[in-house]
Amino acid sequence: MVKTMGPYPLFWYIYSPRISQGRRKNDQQRFNVALYSDGSLVYNELDTYNRNIGCSYFQLPTEVTDGFLQMLQSESWWLRTLPLHLRSQQAVPDYSCMFGFAGHPLFICDELLKMRQLADDDRNGVYARRLHVVFEFIAEMLYDHGVMLMVDRVKWDWRKIQPLPQEEAAARMLAFTEQQSQFVQTAAVQ
């Protein structure tokens, strides 16, 4: 089983659209989503300077993290061969997606949806298709609990799930970070 060390997520996704003349292409928002081992899902909206302009914290059942870990264990064989950056043919891509998986480095894929359409003999296309399949698996798990993760946005169904109040979310994140820090200290002693 894959374990995380410290307050790091099991899964981390960052969507970053191209900025042109001080504005994002199509006014798309940069965001990141992080799934933690305790079932916490944190969604952050970021401004042009990577400052957090909005944060939503959700508590998912542990079956989501269990399912993610099972998937990650079966997919790790090819993640070890994945290049760190799947580059687009464009000098400046319209957007980039970053993927973080516990136990692996952060991967970047420019224009994921275009890259997955490359020819079958193009390694970037093969890897982009594999990344997209893993992304869809995660999105499907989240969708079952009311969170809709798409390549370029995140929404949630208020009838199924609601973000925790900011005070409770901050307290949970602090407690989780302290718990993970204690885990790291204990592991370092052993």
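Here are three short exercises, with worked solutions, on a predicted model.

**Exercise 1: the cysteines**

Work out whether C97 is in a disulfide or in none.

*Solution.*
- Start with the cut-off: two cysteine sulfur atoms make a disulfide if they sit within 2.5 Å.
- Now look for a partner: the nearest cysteine sulfur to that of C97 belongs to C109, and it is 6.3 Å away.
- Because that 6.3 Å is too far for a bond, the sulfurs of C109 and C97 don't pair up.
- By this rule, then, the disulfide count is zero.
- One more thing to spot: C97 is buried, with a relative accessible area of 0%, and C109 is buried with a value of 0% too.

**Exercise 2: a proline before the first strand**

Find where P9 lies, and decide if P9 is buried or exposed.

*Solution.*
- Place P9 along the chain: it's in the segment before β1, which covers 11–17.
- Next, take the cut-off: buried means under 20% relative accessible area.
- P9 comes out at 18%, so P9 counts as buried.
- Finally, check across the fold: P9 and Y36 are 27 residues apart in sequence, yet their C-alphas are 4.5 Å apart in space.

**Exercise 3: helix α3**

Compare the reach of α3 with its expected span, then look at its start and its buried residues.

*Solution.*
- Helix α3 runs over residues 123–143, which makes 21 residues.
- From first C-alpha to last, α3 reaches 30 Å, close to the 30 Å expected at 1.5 Å a residue.
- At the start of α3, a side-chain oxygen of D122 comes to within 2.8 Å of the backbone nitrogen of N124.
- Buried residues in α3 include G125, Y127, L131, F135, I138 and L142.

Terms used:
Residues numbered from 1 in each chain as written. Predicted model: local features only at pLDDT ≥ 70, side-chain atom pairs only at ≥ 80, totals over all residues. Heavy atoms only, no water. Helix = DSSP H or I, 4+ residues; strand = E, 2+ residues; numbered from the N terminus. Buried < 20%, exposed > 50% of the residue type's maximum accessible area, 1.4 Å probe, protein only. Expected span 1.5 Å × (residues − 1). Polar contact = N/O pair within 3.5 Å; in protein donor to acceptor, adjacent residues only side chain to side chain.
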